[in-house]
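Trainee: Could you go through this structure with me, piece by piece? I would like to ask short questions as we go.

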Amino acid sequence: MSVAHADDADDYSRPTGDTYHAEKALPSGDFYTGQWRDHLPHGHGKYLWTDGCMYVGEWHRGKTMGKGRFSWPSGATYEGDFKNGYMDGKGTYIDSSGDLYRGSWVMNLRHGQGTKSYVNGDCYDGEWRRGLQDGHGRYQWKNENHYIGQWKNGMMNGNGTMIWSNGNRYDGSWEDSAPKGNGTFRWSDGSFYVGVWSKDPKEQNGTYYPSTSTGNFDWQPQQVFYVDLSECVVCTCQRIPVLPSQKMPVWYGSSSEQSSSGNRTKSSERPRRRSVDGRVSNTEMELRNNGSSYLQVDDTESNRSPLGPLRIQPAKKQGQTISKGHKNYDLMLNLQLGIRHSVGRPAPATSLDLKASAFDPKEKLWTKFPSEGSKYTPPHQSCEFKWKDYCPVVFRTLRKLFNVDAADYMLSICGNDALRELSSPGKSGSFFYLTNDDRYMIKTMKKAETKVLIRMLPAYYNHVRACENTLVTKFFGLHCVKLTGTAQKKVRFVIMGNLFCTGHSIHRRFDLKGSSHGRLTTKPESEIDPNTTLKDLDLNFLFRLQKNWFQEFCRQVDKDCEFLEQERIMDYSLLVGLHFRESSCNNSATPTSGARTPTGDNRPSRGEMDRFLLDASKLASMQLGINMPARVERTVRRSDAENQLVGEPTGEFYDVILYFGVIDILQDYDISKKLEHAYKSMQYDPTSISAVDPKQYSRRFRDFIFRIFVEDT
């Protein structure tokens, strides 16, 4: 990415907003010719880079925006839609080898419906996600073999049909581009084989049905893997070496240089900062204090924001480490001993198709842990206790479904590092604990919550199995510790995924329900920090998602809410975390060393963001609600609308990475909630309170969420 100083005397002699044709030779050797306005390319123009890359098309405030054509010196070309410097929208890319892709793009990635024609004669037509075939699609090889069905991460995965040019076909389940699970292989003569398929001959099981008495009884199912599929190799996509967004120059006028103190000089000739859509924001400025920088937004027009100016500060690690002497130290040891016993216990391989008996509330295992140890348990320093596993087969299968490795799971919870207790219990009175690596959160449970989870477990299992991108909380285990002796105390707890387990600092977090009564932070402004969970009336942003993400988000919220409504669940929230990509959090304790906080990070350049988007490991972790690049727009509330849930847009935009999910899904509409609804309805507006019946709650929740999450146009 280059910095372009392109101002000249002619620029300042023209009135603001005047568009004219200009030719600019830049110090880097690059050259621009085309329409120009307010010291920036604006309109139609051509940009030539010294390395031979070229863009011809529409510009908006210095960024490629609209229709355009980008060409590389290798001969590769992209022609189509651009947005904020990215290939985004509908477009056609032809790589240097001649492979052609025509279809949808999102932030430089093939995403949506598209067709890929390979130079060797193969062709794929179907859905793409994050640059790979994903969803439903059809792949045809040059020899006329073809596959129609589900894809995942560029491979045949799910239900699908392979038809060979000789008339043979396979219908059934696939995994990693090979038959896996139930399926039928049919020959053109009418013979067929039905069974369970696997590359491992020990797992292969089925029956051959010949069409005549002289059928091929010597045939082996393994021939399908090593003979029939040997030529059915899916071509890979050539990587784009340099992305157009990486080439976009940063435009600075020579009249506004940075002062020696690090603050930008005030200038009426050039705005101090531009928002991500190219709009000028005169209310924003960058401050640096004591070696730490943060972004501040003037919020004098906001009468309701408890935050005042938007300041992005380093986030500190949450919680207090549970060390020896802590009141819950023994409980932590008991928990770790029990988890190690449960997860490490030998168990037969289980299918994802569970029997109804696995969900039986009586399906639980008690294990006694004497201090001196036993045949099945190790000696330990804690007091004697009993350990209970609820529905162990179900939760073991859920961990498998969520791709949780048993060894990593045990290491996170039961390793040498202690758990961390969050500073105060939640509104329900439950305590929360975090593993040291932030992967898992452990919550103590009331007996009523435990019953709700066990009751809804069959429906929950079917829902998360059917919805890969579900936003509801991921549950990995449900357990109970019963202390022996006179106390006979029982502590039930559930192990969940931590939504904010990320290398990015979470600068803002919101717990959103769609109700207004009591939904304002009670903390004074001086105590609000990145670990403070803000509420509905604190929200001062709209979340803008790319079209494909927005459509997927709406579909999934509808599915999740329908599931919760059917299970008579209410009082759940959408937990949202924001990482501002424009922040740079130094460790103020050691400013001279340049050291960073463990969770802090520098502002990534557009090139770094592109590498993030194209890195295979990052792509695997980027999904709905996790590591999602997006934009937020600042909002303000009217002074005459005290309980206005959604503020008025201001036109101030920020690049963010979003994390979100539906939490607190274990509150059913029981008698206590019905009484709470009746009591509060007499005191407050019934539509403003949280305790309403599940159908009304679901409808209100969705209405609110779809007002604050919008498509980024």
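Trainee: What follows H5, and what is its phi like?

Mentor: H5 is followed by Asn403, whose phi is positive, near 60°; the helices (DSSP runs of H or I, at least four residues) and the strands (runs of E, at least two) are numbered from the N terminus. This is a predicted model, in which local features need pLDDT of at least 70 and side-chain atom pairs count only at pLDDT 80 or more, while totals for chains, interfaces and linings use all residues. Residues are numbered from 1 along each chain as its sequence is written, and side-chain values use heavy atoms, with hydrogens and water left out.

Trainee: Which residues of H5 are buried?

Mentor: Pro392, Val394, Phe395, Thr397, Leu398 and Arg399 are the buried ones in H5, where buried means under 20% relative accessible area, exposed means over 50% and partly exposed lies in between, with a 1.4 Å probe and protein chains only.

Trainee: And what do they pack against?

Mentor: The buried residues of H5 pack against H4, H6 and helix H7 (447–466), and also against strands E23 (364–369), E24 (385–390) and E28; contact here means heavy atoms within 4.5 Å.

Trainee: H6 is on that list, so which of the H6 residues are buried?

Mentor: In H6, which spans residues 406–414, the buried residues are Tyr409, Ser412, Ile413 and Cys414. They cover an arc of only 160° around the axis (taken from the directions from the helix axis to the C-beta atoms), which puts them on the same side of H6.

Trainee: Why do residues three or four places apart in an α-helix point the same way?

Mentor: An α-helix has 3.6 residues a turn, so residues with that spacing point the same way.

Trainee: What does the buried side of H6 pack against, and what caps the N-terminal end?

Mentor: The buried residues of H6 pack against helices H4 (329–344) and H5 (392–401), together with strands E27 (440–445), E28 (475–483) and E29 (490–497). The N-terminal end of H6 is capped by Asp405, which has a side-chain oxygen 3.1 Å from the backbone nitrogen of Ala407; a polar contact is a pair of N or O atoms within 3.5 Å, where within protein one must be able to donate a hydrogen and the other to accept it, and residues adjacent in sequence count only if both atoms are side-chain atoms.

Trainee: You mentioned E27; where does the side chain of Thr444 reach?

Mentor: Thr444 lies in strand E27 and is buried, with a relative accessible area of 14%. Its side chain reaches the backbone nitrogen of Phe431 at 2.8 Å. Leaving aside neighbours within four places in sequence, the contacts of Thr444 include Tyr433, Glu449 and Val491.

Trainee: New topic, the aromatics: how many aromatic pairs does a search of the whole structure find?

Mentor: The search finds 54 aromatic pairs, and rings of Phe, Tyr and Trp (its six-membered ring) pair if their centres lie within 6.5 Å, with planes under 30 degrees apart counting as stacked, over 60 as edge-to-face and the rest as tilted. The rings of Tyr55 and Phe82 have their centres 5.1 Å apart and their planes at 80°, so this pair is edge-to-face. That pair links distant parts of the chain, with Tyr55 in strand E5 (residues 54–60) and Phe82 in strand E7 (residues 77–83), 27 residues apart. Both Tyr55 and Phe82 are buried.

Trainee: How do the rings of Tyr78 and Trp105 pair?

Mentor: Their centres are 5.3 Å apart and their planes stand at 85°, so the pair is edge-to-face. This pair also links distant parts of the chain, since Tyr78 is in strand E7 and Trp105 in strand E9 (residues 100–106), 27 residues apart. Tyr78 and Trp105 are both buried.

Trainee: Which charged end sits over the ring of Trp36?

Mentor: The charged end of Lys24 does, at 4.9 Å from the ring centre, and Arg186 lies over the face of Phe192 at 5.5 Å from the ring centre. A charge sits over a ring if NZ of Lys or CZ of Arg is within 6 Å of the ring centre and within 35 degrees of the ring normal.

Trainee: Back to positive phi: is His39 buried or exposed?

Mentor: His39 counts as buried, because its relative accessibility is 15%. It lies in the loop between strands E3 (31–37) and E4 (40–48), and its phi is near 70°, a positive value in a residue other than glycine. Asp176, in the loop between strands E15 (169–175) and E16 (178–186), has a phi near 55° and counts as partly exposed at 44% relative accessibility.
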